[in-house]
Amino acid sequence: MGIDIIGDVHGCYEELLDLFKELGYLNDKNIPIHPDGRTAIFLGDITDRGPYSIKMIELVYEMVVEKKIAAYIPGNHCNKLYRYFLGNNVKVKHGLETTVAEYNNLSTTKQHKIKDKFIQLYENAPLYLVLPEYQAVVAHAGIKEELIGRNDKKVATFVFYGDITGETHEDGRPIRRDWAQNYQGNNWIVYGHTPVKEPRIVHKTINIDTGCVFGNKLTAFRLPEETTISVPSKQPYLEEKFRYFD
């Protein structure tokens, strides 16, 4: 057995299928299943920006909720889409506009189904996953050691957005502290959220958001092997999106 933690997909459905193939999953009626019983874990931000957000919702819902062969935790984009589906007043930008455009092109019947699936997927998801058998914690934007075990608002903000200061760079990007530099725990902290060109290991943390939607690659981190596998992106490359840790 084992797990394959998958970085931010952001609607890059075709690349995800390529990655599953690379990881040894077989296609069983359009559902990736590993012959050795490995479990895929999606670490959030499955939608927005990329071309196939609706397909991502359907696939992840089927794998996680229906078949129970995968796990999912939400990211900040998931949280925003959830609030949009609830009818909250959210700004349809920063990637949400691509998902909403896809959604608006569906029939009314299909819209209801997609909305119901995503709401169910989101409401059944934990804020983060603690996996003692793999000595790992999976959290979308990471988590500090002292926050593990808590589920309050402060923890939700951290796992969705990282260690934000409340200030922004000139281009509008939030200023974040590099929390991984101070992590001293024994568990792996597996996260994404901030695009990096290569999987970034600091102490026992690994960022596997390798910016697939920005034209780089889609990455999975395998446990217990402690190895990464990536496939190239089919999207246009945007160099300016990889500036957080320059």
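Here are a few questions and answers about a predicted model.

Visitor: Let's start with the open sheet of five strands: in what order do they come?

Guide: The pairing in this sheet is mixed. Two strands pair on one side only, S5 (70–72) and S14 (227–232), and those are the edges. From one strand to the next, the twist averages 20°. Reading across, the order is S5-S4-S1-S13-S14.

Visitor: Which residue in S4 is the bridge partner of Asp4?

Guide: Strand S1 covers residues 3–6 and S4 covers residues 39–42. The two run parallel, joined by four bridges. In S4, the partner of Asp4 is Ala40.

Visitor: At about what angle does helix H1 run to S14?

Guide: H1 takes in residues 13–22. This helix lies across S1, S4, S13 (217–223) and S14. Relative to S14, H1 runs at about 135°.

Visitor: Now helix H2: how many of its 14 residues are buried?

Guide: Buried here means under 20% relative accessible area. Among the H2 residues that pass are Ile54, Met56, Leu59, Tyr61 and Val65. H2 is largely enclosed by the rest of the structure, because the buried count is 10 of the 14.

Visitor: What does H2 reach from its first C-alpha to its last?

Guide: H2 spans residues 53–66, so at 1.5 Å a residue the expected value is 20 Å. The model comes close to that, with a reach of 19 Å.

Visitor: And which residue takes a positive phi just after H2?

Guide: H2 itself is residues 53–66. Just after this helix there's a phi of about 55°, and the residue that takes it is Lys68.

Key: Residues numbered from 1 in each chain as written. Predicted model: local features only at pLDDT ≥ 70, side-chain atom pairs only at ≥ 80, totals over all residues. Heavy atoms only, no water. Pairing = 2+ DSSP bridges. Axes fitted to C-alpha atoms, helices over the stretch in contact; angles between N-to-C directions. Contact = heavy atoms within 4.5 Å. Buried < 20%, exposed > 50% of the residue type's maximum accessible area, 1.4 Å probe, protein only.
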